Amino acid sequence: MSLESVKNHFKKWNRENDIMEFASSSATVQEAADTIGVQPAQIAKTLSFRGKEDKAILVVTAGDAKIDNKKFRKTFEFKARMLSADEVVEQTGHPVGGVCPFGLANDLDVYLDISLKRFEEVYPACGSTNSAIKLTCDELEEYSYAKQWVDVCKGWEGAEEKEKADKVEV
């Protein structure tokens with residue numbers, strides 16, 4: 001079971017009991033945010049891409065960020081192509097909606113997008129469609145064995161200013 005592999009992964013840091021399991025779904029960014037009670041941008045979503053030589057790569061981004069194809073190609077030197085649901089399970093061992101960079105079925109390269117750095121705490125899934133863990137960005141980097149921080153997203157810049165402006169207008 002995928003959640004079990006994530007719990008085993010977190011035993012190295014004595015954090016397996018910090019994994020939250022929910023009665024409701026946390027499979028989408030919005031569901032996870034509603035379930036946990038945080039803004040959607042704080043959900044650390046893990047995206048799976050077809051890498052070189054049939055090896056997937058994982059990019060963890062903020063919940064409000066979208067992949068910028070030009071930035072992705074410049075950073076990784078190949079086109080951003082998402083894996084199918086079956087390929088995601090095959091490569092990560094986790095179902096879509098529960099994909100995370102922990103307890104992976106294969107040794108995959110993990111990258112963290114800078115869109116996450118604006119938050120003190122983020123909430124990645126934990127291998128199931130109803131789980132998450134609260135981590136700092138430093139913890140996420142350590143626990144995911146991330147190769148590096150990258151800048152491959154768009155749509156999140158200035159999000160705080162827009163949210164503040166929206167609140168003022170109300």
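Start by selecting Tyr-145, which in this predicted model sits in the loop between α5 and β8. Although Tyr-145 is not a glycine, its phi is positive, at about 55°. With a relative accessible area of 49%, Tyr-145 is classed as partly exposed, because that class lies between the 20% and 50% limits.

Next, select Asn-14, in the loop between α1 and β1 (20-21). Asn-14 is likewise not a glycine, and it has a positive phi of about 55°. Its relative accessibility is 61%, and because exposed means over 50%, Asn-14 counts as exposed.

From that loop, step back into helix α1 and pick Ser-2, which has its place there. Is Ser-2 buried or exposed? Ser-2 has a relative accessibility of 11%, which is under 20%, so it counts as buried. Show the side chain of Ser-2 together with the backbone of Gly-127: a polar atom of that side chain lies 2.9 Å from the backbone oxygen of Gly-127. If neighbours within four places in sequence are left aside, the residues in contact with Ser-2 are Gly-93, His-94, Pro-95 and Gly-127.

Now turn to the largest nonpolar core, which has 44 residues, and colour Phe-72, Phe-76 and Leu-116, the members that touch the most others. At least two residues of this core come from each of α1 (2-10), β2 (43-50), β3 (56-62), α3 (69-76), β5 (109-113), α5 (137-144) and β8 (148-150). Which element gives the most to this core? That element is β3, with six residues.

Keep Leu-116 selected and display what surrounds it: not counting residues up to four places away in sequence, Leu-116 touches Ala-44, Val-60, Thr-61, Ala-62, Val-122, Cys-137, Leu-140 and Trp-149. Apart from the largest core lies another core, of eight residues, and to find it you can select Phe-22, Ala-33, Ile-36 and Ala-132, which are among its members.

The pockets come next. The largest pocket has a volume of about 330 Å³, and its centre can be located by selecting Ala-27, Lys-45, Thr-46, Gly-97 and Val-99, which of the 25 lining residues lie nearest to that centre. Elements that each supply at least two residues of this lining are α2 (29-36), β2, α4 (85-92), β6 (123-124) and β7 (131-132), and the largest share, six residues, comes from β2. If you colour the lining of the largest pocket by residue class, it divides into 16 nonpolar, eight polar and one charged.

The second largest pocket holds about 170 Å³ of space. To display its lining, select Gly-51, Lys-52, Lys-55, Ala-56, Ile-57, Thr-75, Phe-76, Phe-78, Asp-109, Tyr-111, Gln-148 and Val-150. Each of β3, α3, β5 and β8 supplies at least two residues of this lining, and each of these elements also supplies at least two residues of the largest nonpolar core. Phe-76 deserves a second look here, since it lines the second largest pocket and was coloured earlier as one of the core members touching the most others. How do the residues of this lining divide into nonpolar, polar and charged, and what are the numbers? Six are nonpolar, three are polar and three are charged.

How values were computed. Residues are numbered from 1 along each chain as its sequence is written. This is a predicted model: local features need pLDDT of at least 70, side-chain atom pairs count only at pLDDT 80 or more; totals for chains, interfaces and linings use all residues. Side-chain values use heavy atoms; hydrogens and water are left out. A nonpolar core is a set of buried Ala, Val, Leu, Ile, Met, Phe, Trp, Tyr and Cys residues joined through side-chain atoms within 4.5 Å. Buried means under 20% relative accessible area, exposed over 50%, partly exposed in between (1.4 Å probe, protein chains only). Helices (H or I, at least four residues) and strands (E, at least two) are DSSP runs, numbered from the N terminus. Contact means heavy atoms within 4.5 Å. A polar contact is a pair of N or O atoms within 3.5 Å; within protein, one must be able to donate a hydrogen and the other to accept it, and residues adjacent in sequence count only if both atoms are side-chain atoms. On a 1 Å grid over the protein atoms alone, a cavity is a set of points where a 1.4 Å probe fits but cannot get out, and a pocket is an open set with protein on both sides within 12 Å along at least five of seven lines; lining residues have an atom within 4 Å of a point. Grid points are joined across faces, edges and corners, and a volume is the space filled by probe spheres set on the points. Ala, Val, Leu, Ile, Met, Phe, Trp, Tyr, Cys and Pro count as nonpolar, Asp, Glu, Lys and Arg as charged, and the others, Gly among them, as polar.
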